[in-house]
Amino acid sequence: MRAVRHLRSVVFDKRIALLLLLGPFAVFGAVMVNTKDRAPPQILALAVGGDGTTLLEMRADKLYRRAAADGAWAQVPLPRAVAPSRITAIAAVAKSSDVLYLAGQGLGVWRSDNGGRDWEARNDGLPSREAIAVTAHADRPETVYAYLAGNGIFRSEDAGKHWKQMDGGPRAALTQFVHSNMPGSMQSGWLFAATRTGVARSMDCFCGWYDAGGLNAKVHAVAYAPNQPQRVYAATEKGLFVSVNGGEEWRRAQAPAGSVTALAVARSGTVYAASGSKLFRSTDGGQTWERVDA
Amino acid sequence: MRSALLASAMVFAGVAVTAHAAKEALPPLDPALAAQGRSIYAHQCASCHGPQGEGAPHWQARNAQGELPAPPHGPQGHTWKHSDAMLYRIVREGWRDPFNKTKRLTMPAFRDVLSPRETRAVITFLKTLWKPEQRRFQWEESRKEPFPPQTNRTTRPADDRPPHEHGR
């Protein structure tokens, strides 16, 4: 019995000694971990939810949703089979706040019908999983477009169950694109693409890609205003630009920060812009900006 | 080893043949309708789109007036990407590129020139210019957006005639 008590005392003393020895490092380490956790990750992509008000934000390896009603951010679950760090594009579907798409190189295209609770790979008919970008049709909930590196643009009219190659995409490689219901198309709308040399534009019958205006700069992101479809925004390496005639002419807009890398426009016309880890909002078409959640 | 490879190759070939056979066969084009369309094309379309459907020179860039020249209708163009319904609509109603620098229609309307059946005929002729895979693409696009029913009428009702033929 005494031997047992002695043994416990020795173990206890060793624990105390170990704690005294490593304690400061443990506390320091905990602080380091917390600091790292709190470091704001980069915003990689933005999208406005199908109801026109919900904002989606891909921040490093996490997807968040912000409802306009309460302004609170909620994390959206991602598919378990997917390495979140590979997600580079998100899209929301017209007239539904629950249907989401995500895409990335090596991932292909994934769809959720219930706000991210469940996800399903939708890659039948795609020649590879090297998806660079995904965008949903502005009006047709079942129509979605994906751009695959080296293969071009594919369209699905049944929510990603089957895909069909439409064309090779713009001459310069596409990094992001958006479907717009701007009038004047032979078919049902237009596609605006951010490329290494400017914004490219095509009707959604894929009758040919043309340079939209003469930006002559690498474009990080392009978005259009659903309430004024001729109004298009382009975030470029030379700054933020806005067009009021469908990309035919551009004028420089006030940028919220040095380099804008993601854009989205709500149905109301509110413009969201991401610069690094910071999110900004403009309610006057890009003339003035305020931080969101500053 | 060789027999195993041969067996694998036969299985692969069998799968490929089965997959190919699973594709629905393209419906043949009506030769009489295509011939009628060829004649109409020569009279109504060739002056802009070229006698062989080759399109206007430099058709991919805007001309000095800021308009898009007439595109080719063959494999190098994009006519094959449009459904029957859309091609019919564009020929009948015309279309103006919203980025045109003039007020003119990019594609003039032929509603008053061609009957619905004649419009279908000329589109049928255009299909003879396409590659098989382009024909298939266009056929798939058209399943949801086919020609309107009035294009099936081979006899032309009086009120369907182009105005210049009324009273003949």
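What do the buried residues of helix 4 of chain B pack against? In this predicted model, the partners are two other helices of chain B, namely helix 5 (116-127) and helix 6 (132-144). That contact is a handy way into the structure, and the rest of chain B can be built up around it.

Chain B is a helical chain: it has six helices and zero strands. Reading along the sequence simply gives α-α-α-α-α-α. Of its 168 residues, 23% are buried. Contacts in chain B often reach far along the sequence, too. Taking those with a separation of 6 or more, 67% are between residues 24 or more positions apart.

Back to helix 4, which covers residues 84-93 of chain B. Its buried residues are B:Asp84, B:Leu87, B:Tyr88 and B:Val91. Looking down the axis of helix 4 of chain B, these buried residues fit within an arc of 100°, so they line one face of the helix. A general point about helices helps here: an α-helix has 3.6 residues a turn, so residues three or four places apart point the same way. Just past the end of helix 4 of chain B comes B:Gly94, with a positive phi of about 75°.

Chain A is built from other pieces, with one helix and 24 strands. Buried residues account for 41% of the 294 residues in chain A. If contacts in chain A between residues at least 6 apart in sequence are considered, 42% of them link residues at least 24 apart.

One part of chain A worth a look is an open sheet of four strands, ordered 13-14-15-16 and paired antiparallel. Strand 13 and strand 16 of chain A sit at the edges, each pairing on one side only. As a reminder, strands of a sheet pair through backbone hydrogen bonds, either parallel or antiparallel.

Being an edge strand does not leave strand 13 of chain A (residues 174-180) uncovered: six of its seven residues are buried. Its neighbour is strand 14 of chain A (residues 190-195), and six bridges hold the two in an antiparallel pair. Within this pair, A:Val178 has A:Phe192 of strand 14 as its bridge partner. At the other end of the order, strand 15 of chain A (residues 199-203) runs antiparallel to strand 16 of chain A, and two bridges join them. Here A:Arg201 is matched with A:Tyr210 of strand 16.

Right after this sheet's last-listed strand comes A:Ala212, in the loop between strand 16 (210-211) and strand 17 (219-225) of chain A. Is this loop residue buried or exposed? A:Ala212 is buried, because 27 other C-beta atoms lie within 10 Å, and 20 or more are enough to count as buried. Leaving out residues up to four places away in sequence, A:Ala212 touches A:Phe192, A:Val199, A:Ala200, A:Arg201, A:Gly247 and A:Glu248. Two of these have already come up: A:Phe192 as the bridge partner of A:Val178, and A:Arg201 as that of A:Tyr210. As for A:Glu248, 36 residues separate it from A:Ala212 in sequence, yet their C-alpha atoms are 5.4 Å apart in space.

Finally, the two chains meet. Nine residues of chain B are in contact with nine residues of chain A. On the chain B side of this meeting there are five nonpolar, three polar and one charged residues.

Note on methods: Residues numbered from 1 in each chain as written. Chains lettered and ligands numbered in written order. Predicted model: local features only at pLDDT ≥ 70, side-chain atom pairs only at ≥ 80, totals over all residues. Contact = placed C-beta atoms within 7 Å. Nonpolar A, V, L, I, M, F, W, Y, C, P; charged D, E, K, R; others polar. Buried ≥ 20, exposed ≤ 12 C-beta atoms within 10 Å, placed from the backbone. Arc of directions from axis to C-beta. Pairing = 2+ DSSP bridges.
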